[in-house]
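This note is addressed to a colleague who is meeting the structure for the first time. It takes up a few charged side chains, point by point.

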Amino acid sequence: MNNFLFQNPTKLIFGKGQIARLAKEIPTDKKILLTFGGGSVKQNGVYDQVKDALKNHNCMEFWGIEPNPTVETLRKAIALGKENQIDFLVAVGGGSVSDGTKLISVAIWNENDPWDIVTNPKKIGKSVPMATVLTLPATGSEMNKNSVISNTATAEKIPFAAVYPTFSILDPETTFSLPKFQVAVGIADTLLHVMEQYLTTTGQSPLMDRWAEGILQTLVEITPKIQNNQHDYEQMSNFMLCATMALNGFISMGVSSDWATHRIAHEITALHNTTHGQSLALIFSSLMRVMAHQKGAKIVQYGERVWNITTGSTDEKIEKTIAKTDEFFRSLGLATKLSELNIGQDSIDKIVARFKANGTKLGENENITFDVVKQILELAK
């Protein structure tokens, strides 16, 4: 096991009716900026719960943070926060609203352009405390410091480490009205968050492996139940907690991680505005096949422990495991080939050229260079 430092300061407040706790968690002397996406929270009752909880607080609202939040939109929110001397932020929505609010948090008291902060996190200084009210499980942004921001002008999507939420409220009932596609891509995103930290080298930490496999097994078990009844409180609770635990640092202690699938998928999303979880499903199986020479032992372990694939040669087990993973994505209604979304050679060439120009090396061994990225994308066609 590798050396590591671990600290997660976010308070998790979980369960039905917990949105009301906003009133107790935020001092009444704070000037609050509430951030939202496109308006679904007004349809599912979350907005009313938030407003009722904060009726004795001084609140302003900013609407319109997109899926794959853009720096162009966030500049407007940051200007509003600066003008009104906001000193507390509450992100109400899914991971994109939370991600965008993290940039707002570190930019309100910062004179640099927000995109300069994204591309050079060393410029992060003082931040405004923030909290989240989660309505879409997927990114784990409610309990980590990670954020991903898009730049429409340059067609870029860049991850950066910003700030942990002070606290996050997770009420599974807020997920009942989510569109089925959003649940599907949330499940895919959760699975890939685990796999990026798990599918590397065997034998690093039996404990981390079992924790990761526990999340994977739970996702496989609950997915058909959720598809059958999205109002099942217990199963949606399990999904919500899986998404949080997948990326709050608990399964990455002392082990290597990959993140190549995410980095390649970010490029697809930047060019085509595909939903993040869908972009991941397009890439992962091809990455496993191209990197099977390095990841083969862990793929076999994953197949045995999660999919119960115990017969056949090593190569046969690897192929069966990849096929099972592909089948799982398809059971969610997601595409697993670029051509299914009309993503062609031109996009592949652009992505490869960008990795080549940046000299980017991905993967746990930093051996996924631009030419390997090309192999993965060509296989994903």
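Is E61 buried, exposed or partly exposed, and what is its relative accessible area? The first point takes this up, with the reminder that the model is predicted.

1. E61 has a relative accessible area of 27% and is partly exposed. Its side chain meets that of K51 in a salt bridge, at 3.1 Å from N to O. K51 is likewise partly exposed, at 31% relative accessible area.

2. The position of this pair deserves attention. K51 belongs to helix α3 (residues 46-53) and E61 to strand β3 (residues 58-62), so their salt bridge ties together parts that are ten residues apart in sequence. In total, the structure holds 18 salt bridges.

3. Helix α13 offers a pairing within one element. K324 and E327 both lie in this helix, three residues apart, which is about one turn of the helix. Their side chains form a salt bridge with an N to O distance of 3.8 Å. K324 counts as partly exposed at 31% relative accessibility, and E327 is partly exposed with a relative accessible area of 48%.

4. R330 and E340 form a further salt bridge, in which the closest N and O atoms are 2.8 Å apart. R330 is in helix α13, whereas E340 is in the loop between α13 and α14 (345-358), so the pair ties together parts that are ten residues apart in sequence. Both partners are partly exposed: E340 has a relative accessible area of 37%, and R330 has a relative accessibility of 43%.

5. Salt bridges can also share partners. Through such sharing, K11, R21 and E25 are joined into one network.

6. D326 should be read separately from the pairs above. This residue is found in helix α13 (residues 314-331). D326 is buried but has no salt bridge. Side chains of opposite charge can pair when their charged atoms come close. For D326, the nearest side chain of opposite charge is that of R330, 4.7 Å away, while a salt bridge requires a nitrogen within 4 Å of a carboxyl oxygen.

7. Which residues does D326 touch, leaving aside its neighbours within four places in sequence? They are S285 and T336. With S285 there is also a polar contact between the two side chains, at 2.8 Å. The buried D326 therefore lacks a salt bridge, under the 4 Å limit, yet has a polar partner in S285.

Note on methods. Residues numbered from 1 in each chain as written. Predicted model: local features only at pLDDT ≥ 70, side-chain atom pairs only at ≥ 80, totals over all residues. Heavy atoms only, no water. Helix = DSSP H or I, 4+ residues; strand = E, 2+ residues; numbered from the N terminus. Buried < 20%, exposed > 50% of the residue type's maximum accessible area, 1.4 Å probe, protein only. Lys, Arg positive; Asp, Glu negative; His and termini not counted. Polar contact = N/O pair within 3.5 Å; in protein donor to acceptor, adjacent residues only side chain to side chain. Contact = heavy atoms within 4.5 Å.
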